[in-house]
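Dear colleague,

I am passing on the structure below, which is a predicted model. My notes on what turned up in it follow directly after.

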Amino acid sequence: MSISHAPPDSTGSDISPISASKTTEVEADGQSSPDLERLVPSSSRRTRVPRWLRRTSGPLLLLALWQLLSSTGALTPDVLASPGRIAEVARDLLSDGSLTEAMTTSLQRVAVGLLLGTVVGTTLALVSGLFRIGEDLVDAPVQMLRTVPFVGLIPLFIIWFGIGEAPKVAIITLGVTFPLYLNVYAGIRGVDSQLIEAGESLGLSRWGLVRHVVLPGALPSAMTGLRYSLGIAWLALVFAEQVNADSGIGFLMVQARDFLRTDVIMVCLIVYAFLGLLADFIVRSLERLLLQWRPTFTGR
């Protein structure tokens with residue numbers, strides 16, 4: 001009886017395929033697998049610096065340079081007061097209550113003007129953005145009026161409303177209305193038409209489409225317009241309070257200008273800046289609260 005042998009493989013070895021596979025598995029088990037190195041983005045390998053420190057380093061360096069120039073005499077007090085002198089004047093104005101009273105008056109004017117401008121601008125944008133006949137009737141006059149410098153309307157507002165609070169609030173209202181109108185209108189018209197079709201296919205009424213599709217889609221642009229309108233509101237306040245005003249931060253600036261007090265002027269400008277920064281922080285916090293559904297890129 002003859003015993004059949006398995007044919008040798010192409011390498012001439014008499015090891016059967018089963019034995020070869022077992023040998024391979026043993027060799028594979030006997031080998032130590034190489035350690036895998038985790039890839040880390042280059043941005044994560046940098047030295048982490050607290051963000052608050054990075055955000056404050058620029059203003060602090062500018063303040064140090066300002067103090068250095070004032071100490072060496074490169075900046076004279078009649079040109080620009082030193083930071084130390086400005087801090088002393090701010091403390092004196094706070095102690096006698098004049099700065100607190102002026103801030104309260106200015107905040108009231110901005111609040112009223114911002115409220116009126118938001119109502120007017122948003123209403124006009126809704127009428128113009130949601131209805132074609134509204135666009136035909138509203139958009140063209142608004143586009144014409146927004147090209148007119150609102151500062152140039154101050155004499156006309158004084159003739160119309162007198163020299164009291166009305167012309168100041170009117171200037172702020174006018175400055176707020178147009179940026180908010182443009183952004184809300186662009187947000188409404190920028191809503192994806194496929195979302196409108198999807199809402200209609202789900203049986204939403206016209207009011208349902210506006211409430212659940214159009215307004216949420218236009219909200220990011222509206223918040224951007226509100227932030228821009230706040231900046232315009234403080235700019236309009238500066239002009240409004242320097243014309244026939246007997247109170248407010250602008251009134252303090254006018255008095256300081258007459259007596260060549262650059263320290264008081266700088267205090268008022270710093271107050272304007274901090275109030276504007278505070279208002280922008282409030283709007284940004286509101287934006288993060290209302291737009292939680294929209295993930296965005298936050299930088300690296």
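Arginine 261 has a relative accessibility of 33% and therefore counts as partly exposed, since that class runs between the limits of 20% and 50%. Its salt-bridge partner is aspartate 263, with the closest N and O atoms 3.0 Å apart, and aspartate 263, at 6% relative accessibility, counts as buried. These two residues also belong to a network of salt bridges that links Arg85, Glu88, Arg261 and Asp263.

Salt bridges elsewhere in the model may interest you as well, as the search of the whole structure finds eight of them. One of these joins glutamate 165 to arginine 109, where the closest N and O atoms are 2.7 Å apart. Because glutamate 165 lies in helix 7 and arginine 109 in helix 4, the pair ties together parts that are 56 residues apart in sequence. The two partners sit in separate accessibility classes: glutamate 165 is partly exposed at 38% relative accessibility, whereas arginine 109 is buried, with a relative accessible area of 2%.

Another salt bridge is formed by the side chains of glutamate 135 and arginine 189, at 3.0 Å from N to O. Glutamate 135 belongs to helix 5 and arginine 189 to helix 7, so this pair ties together parts that are 54 residues apart in sequence. Here glutamate 135 counts as partly exposed at 23% relative accessibility, and arginine 189 counts as partly exposed at 39%.

As for the overall fold, the chain contains eleven helices and zero strands. Of its 300 residues, 31% count as buried, and the accessible surface comes to about 20,100 Å², with 64% of that area belonging to carbon and sulfur atoms. If one takes the contacts in the chain with a separation of 6 or more, residues 24 or more positions apart account for 70% of them.

Next comes the interior. The largest nonpolar core has 52 residues, and those with the most contacts inside it are Ile171, Trp234, Ile249 and Val267. Several helices supply at least two residues each to this core, including helix 4 (98-130), helix 7 (165-189), helix 9 (206-240) and helix 11 (262-290), and helix 9 gives the most, with twelve residues. In soluble globular proteins, nonpolar side chains tend to be buried together.

What does isoleucine 249 touch, leaving aside residues up to four places away in sequence? The neighbours of isoleucine 249 are Ala102, Met103, Ser106, Glu241, Cys268, Val271, Tyr272 and Leu275.

Finally, there is a pocket to look at. The largest pocket has a volume of about 510 Å³ and is lined by 13 residues, of which Pro59, Leu63, Ile270, Ala273 and Phe274 lie nearest its centre. Helix 2 (51-72), helix 3 and helix 11 each supply at least two residues of the lining, and helix 2 gives the most to it, with six residues. Helix 3 and helix 11 are also among the helices that each supply at least two residues of the largest nonpolar core.

With best wishes

Terms used:
Residues numbered from 1 in each chain as written. Predicted model: local features only at pLDDT ≥ 70, side-chain atom pairs only at ≥ 80, totals over all residues. Heavy atoms only, no water. Core = buried A, V, L, I, M, F, W, Y, C linked by side-chain atoms within 4.5 Å. Buried < 20%, exposed > 50% of the residue type's maximum accessible area, 1.4 Å probe, protein only. Helix = DSSP H or I, 4+ residues; strand = E, 2+ residues; numbered from the N terminus. Contact = heavy atoms within 4.5 Å. Salt bridge = Lys/Arg side-chain N within 4 Å of Asp/Glu carboxyl O. Areas by Shrake-Rupley, 256 points an atom, 1.4 Å probe, with all protein chains shown as cover. 1 Å grid on protein atoms, 1.4 Å probe; cavity = no way out; pocket = protein on both sides within 12 Å on 5 of 7 lines; lining within 4 Å. Points joined across faces, edges and corners; volume = space filled by probe spheres on them.
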